[in-house]
Amino acid sequence: MKFISWNIDSLNAAIEHKSKRGEMTYATLKQIAAAKPDFFSIQETKLPQTGLSKKQDEVLEELFPDYLRFIRNSTPPAKKGYAGVLTLTKHQPVTYEKPVLGAPDTMDEEGRILLLEYPDFYLLNIYTPNSGQGLKRLPERGQWDDRFYDYLQALKAKKTVIFSGDLNVAHQEIDLKHPDTNHQSAGFTDQEREKFDHLLKSGFVDSWRFQHPDQAQYSWWSQRNVTAKANNSGWRIDYFLISDQQKNWIKKTGMIDTGARADHAPIYLEIEK
């Protein structure tokens, strides 16, 4: 089975592709469609509460015919067109949910988590909140991490959990190009890294690091820094995690090349049960 996950940074921009970056995003979307994944998890769709437009619906149907779609958008009091997740799948789930974690601020209304249940595993699509400029949302981010941890433990007690997404944390120094200058940057604070470490130690495997223990590979490059992608000055903040007991399911992991396009690269996981 093949899983792909991608923070697309606006589904509308990809489908309208009225800019050079939009064209590159759409090209990557076509590349993913050609790969025919069993599951495709998208983060930061930025869709309005009303959902897909007619054109978005038509383009997704053309690219991903016969895929089921499960959507969660931001709802009031969260900002309109903010965050949002979408999962496309070839496989009908037993159930699906839009979990509420009891997270602070408007995090539960920002469209950040979708759960699909299958007979032998749960599949989660996650877009973890960013701690923000000046770390202004770091306390709330910590509470999100704690609530998400508790939620995962309850799921894991029932069956295997596979989850993916933009988790907004670089776990180790190998996971970003310039660790020395980023210890006070969102995504690389001691608090965020320690909470992610705690999650892994509770019985989850970072699939990429499991297969590539010593390899530096990044999944995100800043759009603000115009040379970041060219210089490969990136971070690895996108992950596929799986319950530790099923780490033998992991067959192949990697990132999909997006060429000159900065921001996130899609990641993939192939498993064999």
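Analyst: Let's start with one working term: a contact means heavy atoms within 4.5 Å. Keep in mind too that this is a predicted model.

User: Okay, let's use that. Which residues does Phe-163 touch, leaving out those up to four places away in sequence?

Analyst: With those neighbours set aside, Phe-163 touches Leu-124, Ile-126, Phe-148, Leu-152, Leu-199, Phe-204, Tyr-239, Phe-240 and Leu-241.

User: How should I read a cluster of residues like that?

Analyst: The general idea is that nonpolar side chains tend to be buried together in soluble globular proteins. Here, the largest nonpolar core has 24 residues, and Phe-163 is among those with the most contacts inside it, along with Leu-124 and Phe-148.

User: Which helices and strands each supply at least two residues of this core?

Analyst: On the strand side there are β6 (113-118), β7 (121-127), β8 (160-166) and β11 (238-243), and the helices are α4 (138-156) and α5 (190-201). Helix α4 gives the most, with six residues.

User: Now for the gaps. How do I find empty space in a model?

Analyst: You roll a probe the size of a water molecule over the atoms, and that shows where empty space is left. In this case, searching the whole structure turns up two cavities of 30 Å³ or more.

User: What is the volume of the largest cavity, and which residues are closest to its centre?

Analyst: The volume is about 150 Å³. Of the 13 residues in its lining, Asp-145, Phe-148, Lys-195, Phe-196 and Leu-199 are the closest to the centre. You've met Phe-148 already, as one of the core residues with the most contacts. Helices α4 and α5 each supply at least two lining residues, and α4 gives the most, with five.

User: How does that lining divide by class?

Analyst: The lining of the largest cavity has eight nonpolar, one polar and four charged residues.

User: And what lines the second largest cavity?

Analyst: That one holds about 70 Å³ of space. Its lining includes Asp-206, Trp-208, Arg-236, Tyr-239, Met-255 and Tyr-268. At least two lining residues come from each of α6 (207-211), β11, β12 (250-255) and β14 (267-271). By class, the lining divides into six nonpolar, three polar and three charged residues.

User: What about space that is open, such as the largest pocket?

Analyst: The largest pocket has a volume of about 1200 Å³. It is lined by 38 residues, with Asn-130, Asn-168, Ala-186, Trp-220 and Arg-224 closest to its centre. The class count for this lining is ten nonpolar, 18 polar and ten charged.

User: Last topic: the backbone. What should I expect there?

Analyst: Most residues other than glycine have a negative phi, and most peptide bonds are trans. Now for the exceptions here. The peptide bond from Pro-76 to Pro-77 is cis, with omega near 10 degrees. You'll find Pro-77 in the loop between β3 (68-72) and β4 (85-89).

User: Where are Leu-135 and Asn-232 found?

Analyst: Leu-135 sits in the loop between β7 and α4, and Asn-232 in the loop between β10 (220-221) and β11. Leu-135 has a positive phi of about 55 degrees without being a glycine, and Asn-232 likewise has a positive phi of about 55 degrees.

User: Is Leu-135 buried or exposed, and how does Asn-232 count?

Analyst: Buried means under 20% relative accessible area. Leu-135 has 17% relative accessibility, so it counts as buried. Asn-232, at 37%, counts as partly exposed.

Definitions and conventions: Residues are numbered from 1 along each chain as its sequence is written. This is a predicted model: local features need pLDDT of at least 70, side-chain atom pairs count only at pLDDT 80 or more; totals for chains, interfaces and linings use all residues. Side-chain values use heavy atoms; hydrogens and water are left out. A nonpolar core is a set of buried Ala, Val, Leu, Ile, Met, Phe, Trp, Tyr and Cys residues joined through side-chain atoms within 4.5 Å. Buried means under 20% relative accessible area, exposed over 50%, partly exposed in between (1.4 Å probe, protein chains only). Helices (H or I, at least four residues) and strands (E, at least two) are DSSP runs, numbered from the N terminus. On a 1 Å grid over the protein atoms alone, a cavity is a set of points where a 1.4 Å probe fits but cannot get out, and a pocket is an open set with protein on both sides within 12 Å along at least five of seven lines; lining residues have an atom within 4 Å of a point. Grid points are joined across faces, edges and corners, and a volume is the space filled by probe spheres set on the points. Ala, Val, Leu, Ile, Met, Phe, Trp, Tyr, Cys and Pro count as nonpolar, Asp, Glu, Lys and Arg as charged, and the others, Gly among them, as polar.
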